[in-house]
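The questions below ask why certain labels are used for this structure. Each answer sets a value against the cut-off behind the label.

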Amino acid sequence: MAKFKQIPQNYLFRALLKYWGNMVRNFNEDCRDDDFFDVVRNCFDHDRAVELIEVAYTEQEIEEMRRAKSRCNRLDLSDSMDDVFTVLWNHDGSRKKCRAVLDAIRKYMLADSDKQGDGDIVVQRFSVLKRIMKLDELEADILMFAYVRDQTCFSWPLRVENRLKPLYYAMALDRSYAEVAKAMSAQGKLMKLELLDDDYDFNVRVFGGFMDGISDEAFERHFYAKGDTEDVLPWEFYGDLAAKDGEVLKRMITASGGKCNILLYGVPGTGKTSFARSLAKQLGRTIYEIKQGDEDGKNMKSEARLVGIQVCNGQEDPEESLMMIDEADALLRGSSSGFSLFGFDFGGGKTTEKGVMNSILDEMRIPAIWISNTPAMMMDESVRRRFDYSICFERLNGAQRVAIWRNQVAKHGLEALIPDAKTEEYAAKYETSAGGISTVLTNVKRMAPEPEKVDELVATLMKPHCQLMGVKNVNGFLPAKDYSLDGLNIKGKVKLDRLVAAARNYLDAEFGSADADKPRMNILLFGPPGTGKTEFVKYLGKTLDRKVVVMKGSDILGKYIGQTEQNIAKAFRQAEAEHAILFFDEVDGLLQDRSGASHSWEITQVNELLQQMENFDGVMVAATNFSKNLDAAVMRRFTFKLEFGYLDDEGKRLFFERMFKATLTDEEFSELKALRNLAPGDFRTVRQEQFYLGEAVTNEERIAALKEECNLKKDGDHSASIGF
């Protein structure tokens with residue numbers, strides 16, 4: 001027996017009678033669930049129903065059914081009406097008269113309910129739901145029937161599988177099966193907007209409170225909620241972003257009169273959401289955040305989020321509000337084929353029809369901030385051009401990470417454990433996002449380590465986080481402890497110590513003016529592998545007290561047209577923002593001669609690099625093993641060009657004695673001098689190889705190992721390309 005539901009004599013009850021009456025008329029199988037007749041049992045007088053049965057059936061027919069052998073087919077008019085009508089419905093030849101009695105009962109109940117009048121809350125709320133969701137008449141009828149089924153004692157006459165429910169909906173609605181099945185399909189609005197759940201039932205968990213009038217906010221708050229701007233990062237934290245882009249946005253939103261679409265896009269974890277909330281606080285506006293999931297943690301479909309945008313757009317005050325659509329990737333992504341970019345796979349994701357998105361953007365009346373990790377090229381051009389302003393968020397630079405560490409340390413009350421000097425150290429060592437920093441510090445606070453154990457705990461917590469997020473732990477781009485410029489074989493007019501002084505002069509305030517004729521500080525290091533190019537850049541960074549941003553082929557070269565150029569520009573922006581030395585290691589593939597190019601992209605990436613080198617306000621160093629194939633125009637852009645050669649005889653002695661802490665005899669020195677193509681890197685390789693052999697290692701063994709390293713080289717043949 002189904003759970004009894006008290007049915008008021010109002011619109012809801014009349015709707016029940018309508019759908020139940022259609023089902024009685026259109027269903028023509030045996031009834032296998034007597035709950036189908038609960039409408040009569042719960043809402044109609046028993047004796048009156050018996051009178052109608054006795055009028056419709058002859059005494060002989062009633063007597064025949066009373067004497068049925070099977071108990072379930074035996075009629076007893078004193079039984080509950082659900083049992084009585086189940087017998088009448090299923091008895092051979094009795095169904096036509098049973099329908100007539102049920103229809104008469106339905107008409108009596110309908111006439112009685114008419115006396116109660118209209119105007120109940122269901123009608124009002126359903127009208128709002130229909131208007132906001134833009135339902136057509138059939139969709140509205142289906143949804144109302146689903147709601148009636150949930151709220152009343154309506155039951156199917158038999159157990160219905162989900163796949164057959166559209167057929168039974170069609171019977172209850174007295175509509176064709178084809179049109180009902182189409183409206184209830186996965187592509188239909190009712191399912192896409194989650195008005196019906198996966199069982200084709202009314203989604204009472206989401207919309208029930210609104211329909212019942214229990215909560216005025218239940219409907220709209222399913223789609224969006226008021227955001228918290230109390231605990232946001234201070235505006236000054238965003239530095240140039242706040243001073244430049246932020247000020248433009250404040251003026252634009254204030255002057256817009258409502259409509260203003262802003263796009264924040266780029267690398268995940270770079271503070272886009274925090275920036276939007278801080279902006280709302282700066283403007284003194286309430287920020288409304290379009291939800292990504294429901295109360296049970298289930299992700300909302302894109303269509304449902306689009307409805308939420310429209311609901312918020314129609315409900316809130318354009319002068320006092322700011323809408324935020326976070327994680328808007330699926331909404332903004334175009335229909336072009338997917339690809340990988342910045343280490344993220346954008347292929348195969350769901351997209352939104354650009355016509356739908358264009359209409360949404362055009363019809364906005366509230367200023368809206370759209371936040372996405374999707375690269376701009378993945379968004380349809382017609383969608384992109386509808387944004388009034390956009391900001392690309394790139395990976396956090398060192399200064400930003402320091403600010404986040406300090407802000408989060410203060411937020412968690414950890415100043416006593418983590419002083420400012422430590423925040424700078426952690427920011428340099430762990431190139432992670434604001435979320436990662438917050439997570440680690442939350443656990444540091446919980447675990448309350450002793451001061452001397454803080455470094456160890458931070459390292460322990462950061463290691464798995466960085467592995468999980470694909471972030472490299474930066475142990476420092478520093479030269480070896482015993483590194484010296486002495487002994488290097490540098491061919492050129494400028495010695496290394498003078499080059500270091502020139503770079504320092506460039507970075508000094510007196511050389512930092514905006515003089516148009518100020519030469520750029522672009523340095524080219526070339527020569528065979530292992531001759532000390534990379535180690536010198538490490539030394540340069542340490543001596544000048546500047547971070548070195550290292551870019552290799554895997555960081556720059558992209559699989560898709562235009563991606564390499566974007567990555568080149570991004571590298572220069574990152575280094576300039578951090579006031580760092582930009583080092584392109586093994587730069588051969590980027591600087592190749594354009595005259596021999598067979599593809600347009602080989603030309604455009606060199607052009608991009610040339611432009612960036614011209615405009616870069618910082619020290620840029622490029623290293624290559626092969627200078628012969630470099631583009632002539634690129635070569636002219638380098639202020640200094642230094643060739644690193646194999647060691648001369650004095651250099652060999654100096655490196656041997658410094659690296660091995662040993663003195664050579666004349667005979668041993670003669671053997672060492674005989675080695676061709678000996679480079680500083682060979683000494684480090686041999687020292688590492690023999691590190692654990694202890695004091696027993698002899699000079700003879702060291703020289704033999706160095707000879708083996710030299711023999712592995714192709715005798716100075718560097719015609720083959722190395723690197724990228």
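Q: How many of the 724 residues of the protein chain count as buried, as a percentage?
A: Of the 724 residues, 49% count as buried, where buried means under 20% relative accessible area, exposed means over 50%, and partly exposed lies in between (1.4 Å probe, protein chains only). This is a predicted model, in which local features need a pLDDT of at least 70 and side-chain atom pairs count only at pLDDT 80 or more, while totals for chains, interfaces and linings use all residues. Residues are numbered from 1 along each chain as its sequence is written, and side-chain values use heavy atoms, with hydrogens and water left out.

Q: What makes helix α5 largely enclosed by the rest of the structure?
A: Helix α5 spans residues 81-90, and 9 of its 10 residues are buried, so it is largely enclosed. The buried residues of α5 include Met-81, Phe-85 and Trp-89. Helices here are DSSP runs of H or I with at least four residues, and strands are runs of E with at least two, numbered from the N terminus; the protein chain has 33 helices and 14 strands.

Q: Why is the contact between the side chains of Arg-95 and Asp-30 called a salt bridge?
A: The term requires a side-chain nitrogen of Lys or Arg within 4 Å of a carboxyl oxygen of Asp or Glu. Between Arg-95 and Asp-30 the N to O distance is 2.6 Å, so the pair meets the definition. Arg-95 belongs to helix α6 (residues 95-114) and Asp-30 to the loop between α1 (11-26) and α2 (38-43), 65 residues apart, and the pair thereby links distant parts of the chain. The structure holds 33 salt bridges.

Q: Are Arg-95 and Asp-30 buried or partly exposed?
A: Arg-95 has 16% relative accessibility and therefore counts as buried, whereas Asp-30, with a relative accessible area of 39%, is partly exposed.

Q: What makes Lys-97 and Glu-61 a pair that ties together parts of the chain?
A: The side chains of Lys-97 and Glu-61 meet in a salt bridge at 2.9 Å, N to O. Lys-97 lies in helix α6 and Glu-61 in helix α4 (residues 59-66), so the pair ties together parts that are 36 residues apart in sequence. Lys-97 is partly exposed at 30% relative accessibility, and Glu-61 is partly exposed at 28%.

Q: Why does Glu-137 count as exposed?
A: Its relative accessibility is 56%, and Glu-137 therefore counts as exposed. Glu-137 forms a salt bridge with Lys-130 (2.6 Å, N to O), and Lys-130, at 24%, counts as partly exposed.

Q: Why is the pair of Trp-370 and Phe-387 called edge-to-face?
A: Rings of Phe, Tyr and Trp (its six-membered ring) pair if their centres lie within 6.5 Å; planes under 30 degrees apart count as stacked, over 60 as edge-to-face and the rest as tilted. By this rule the count comes to 30 aromatic pairs. For Trp-370 and Phe-387 the centres are 6.4 Å apart and the planes stand at 80°, which gives an edge-to-face pair. Trp-370 is in strand β7 (residues 368-372) and Phe-387 in the loop between α19 (381-384) and β8 (389-393), 17 residues apart, and both Trp-370 and Phe-387 are buried.

Q: Why is the pair of Tyr-426 and Tyr-430 called tilted?
A: The ring centres of Tyr-426 and Tyr-430 are 6.4 Å apart and their planes are at 45°, so the pair is tilted. Tyr-426 and Tyr-430 are both buried.

Q: How do you know that Arg-48 lies over the face of Tyr-108?
A: A charge sits over a ring if NZ of Lys or CZ of Arg is within 6 Å of the ring centre and within 35 degrees of the ring normal. Arg-48 lies over the face of Tyr-108 at 4.3 Å from the ring centre, and Arg-658 lies over Phe-655 at 4.6 Å.

Q: What is the average confidence of the protein chain, and which element scores lowest?
A: pLDDT is the predictor's confidence in each residue, from 0 to 100. The protein chain averages 84, and 87% of the residues score at least 70. Among the elements, strand β5 (residues 340-341) has the lowest mean pLDDT, 35, and helix α9 (residues 165-173) the highest, 97. Where pLDDT is low, the predicted coordinates should not be read in detail.
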